[in-house]
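Trainee: I would like a close look at one part of this model, the place where the two protein chains meet, and at how that part relates to the nucleic acid. Could you take me through it in one connected account?

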Number of protein chains: 2
Amino acid sequence: MRLVIARCSVTYEGRLNAHLPPATRLLMVKADGAVLVHSDGGSYKPLNWMSPPATLHTTAPTAEQAEQGVVEVWRVQAAKSDDRLMILIEEILADQSHELGADPGLVKDGVEADLQRLLAEQIGLLGDGHTLVRREYMTAIGPVDILARDPEGGTVAVELKRRGDIDGVEQLTRYLELMNRDPLLAPVRGVFAAQQIKPQARTLAEDRGIRCVTLDYDAMRGVDDAESRLF
Amino acid sequence: MRLVIARCSVTYEGRLNAHLPPATRLLMVKADGAVLVHSDGGSYKPLNWMSPPATLHTTAPTAEQAEQGVVEVWRVQAAKSDDRLMILIEEILADQSHELGADPGLVKDGVEADLQRLLAEQIGLLGDGHTLVRREYMTAIGPVDILARDPEGGTVAVELKRRGDIDGVEQLTRYLELMNRDPLLAPVRGVFAAQQIKPQARTLAEDRGIRCVTLDYDAMRGVDDAESRLF
DNA sequence: ATGTCAATGTCGTGC
DNA sequence: GCACGACGTTGACAT
């Protein structure tokens, strides 16, 4: 990894065009050719960047560029598209390289898959007497997150989200339409389950007769831990 | 901005839990407290991070941590949530700071807003005789990108996307349902306009009687430039 | 390779 | 401040 602090201007041409006027920034060049242009603020997104795989070509400035104070020109070309980044460097304030090696990578806990596993184990959260049929129940248009039965034996399709948005309601609606055409399954009721449900999503869901259930991940994980300790 | 190359392990606790085993990485600390943990590959997303505003507290390791080779402990606490990042440093290979100053920021061209402006100016692309009513026509459930009239005086609602996906068709469908309940507007026809339209989206749209129009941004910008040169 | 869906999404904008 | 939609979304996973 090469780290350069430089006064520079940056131009991106690809899916759109974007330009950065001259300022002092961090230029990060990764081993796979990725280039990131960072300022000293903001979240993790760079001001401008090139995704890997890419190649960096360093050239001398043209006479005209040199006249305007440019001392070095970087051209970064994406390998798989015609996206390109041009960096006009006016002054290099620091330049160092380090060998980092491969990274073992990130281990996550608490994503939608974990929520799905916990809800399948604690299916009673949908209401007393519910039983699990299966997770990832396949339909022609994709998998329903959880299929269950209510105490009366009716089929219940659960769409699960960490954050419940209109998109999720639309997705569940499509599943319900399809499944309710199948006489072996119909009638199928829908449940929209999420850690948080946006008001607009709740309104749309209830308009369509879809029940909304808010899930408490920490509580569910607590139950899971308690159950684990029994064994 | 402070740049540290260090062998370290990282733990994030917040909206989910995530952990990075020990390895050599870049730690970037920005002026607003943001912390980024980057490996030497992958796109612009860090392996782990803390969004600003945040504060970094550096402490000595506990006896137990020191025994496992930790020489320094960083605790990064988000200011507005209880998200936190803990970085256990085993060895610092480089450590430098630079003053970058504020950044003038990025100038973009070619986003959906530009496409919308161009289509409004070149509304005939929807078909001969079309006229613009207005952009961002507000409805109860959100703004319709472009409202127009066809040569027969019928109302046309345009949903505009750079990439035409099923989501966009659903969005337009919601608008059309609502507007067609309004006797002053009905009947309203729908047009799904995008630079690229996915086959699934096209199928769904045409199923619902929504016309699909593919837009050529470069050509539209060319016309725009040509018109500009007239004045 | 391609398509689909989640994301610690982030980022801007309008209310 | 909240809510909503775009994003050069990126990234993981299944087909």
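**The interface of chains A and B**

Mentor: In this predicted model, 57 residues of chain A are in contact with 57 residues of chain B. The area buried between chain A and chain B comes to about 4700 Å², and carbon and sulfur atoms give 57% of that area. Asp40(A), Tyr44(A) and Leu100(A) supply 16% of what chain A buries against chain B, which is more than any other three residues.

Turning to polar interactions, the count between chain A and chain B is four salt bridges, and there are 25 residue pairs in polar contact, both residues of each pair being at pLDDT 80 or more. A salt bridge joins Asp103(A) to Arg25(B), with the closest N and O atoms 2.5 Å apart. As for secondary structure, the elements that each supply at least two residues of the side of chain A that touches chain B are strand E1 (2-13), strand E2 (17-29), strand E3 (35-38), E4, strand E7 (84-97), strand E8 (107-109) and helix H3 (166-180) of chain A. E2(A) gives the most to this side, with twelve residues, and the residues of the side of chain A that touches chain B divide into 27 nonpolar, 15 polar and 15 charged.

E2(A) also takes part in strand pairing across the interface, where E2(A) and strand E8 (residues 107-109) of chain B pair in the antiparallel sense over three bridges. Within this part of the model, Ala18(A) stands opposite Lys108(B) in E8(B).

The nucleic acid can be taken strand by strand, beginning with DNA strand D. Of the 21 residues around DNA strand D, those that come nearest are Asn48(A), Trp49(A), Gln200(A), Lys161(B) and Arg162(B), so named from both chains. A polar side-chain atom of Arg162(B) lies 2.4 Å from a phosphate oxygen of DNA strand D, and a polar side-chain atom of Arg15(A) lies 3.1 Å from a phosphate oxygen of that strand, while an N or O atom in the side chain of Tyr12(A) is 3.4 Å from a base nitrogen. Strand E4 (48-50) of chain A and strand E11 (155-164) of chain B are the elements that give two or more residues to the surface near DNA strand D, and the largest share, four residues, comes from E11(B). That surface divides into six nonpolar, four polar and eleven charged residues, and of the atoms of DNA strand D within 4 Å of the protein, 76% belong to sugar or phosphate and the rest to bases.

For DNA strand C, there are 19 surrounding residues, the closest being Glu112(A), Lys161(A), Arg162(A), Asn48(B) and Gln200(B). A backbone N or O atom of Glu112(A) lies 2.8 Å from a phosphate oxygen of DNA strand C, an N or O atom in the side chain of Arg163(A) is 3.3 Å from a phosphate oxygen of that strand, and a backbone N or O atom of Trp49(B) lies 3.2 Å from a base oxygen. Here the elements giving two or more residues to the nearby surface are strand E11 (155-164) of chain A and strand E4 (48-50) of chain B, with the largest share, four residues, coming from E11(A). Of the atoms of DNA strand C within 4 Å of the protein, 79% belong to sugar or phosphate and the rest to bases.

Terms used. Residues numbered from 1 in each chain as written. Chains lettered and ligands numbered in written order. Predicted model: local features only at pLDDT ≥ 70, side-chain atom pairs only at ≥ 80, totals over all residues. Heavy atoms only, no water. Polar contact = N/O pair within 3.5 Å; in protein donor to acceptor, adjacent residues only side chain to side chain. Nonpolar A, V, L, I, M, F, W, Y, C, P; charged D, E, K, R; others polar. Contact = heavy atoms within 4.5 Å. Buried area = accessible area lost by both parts, 1.4 Å probe. Salt bridge = Lys/Arg side-chain N within 4 Å of Asp/Glu carboxyl O. Pairing = 2+ DSSP bridges.
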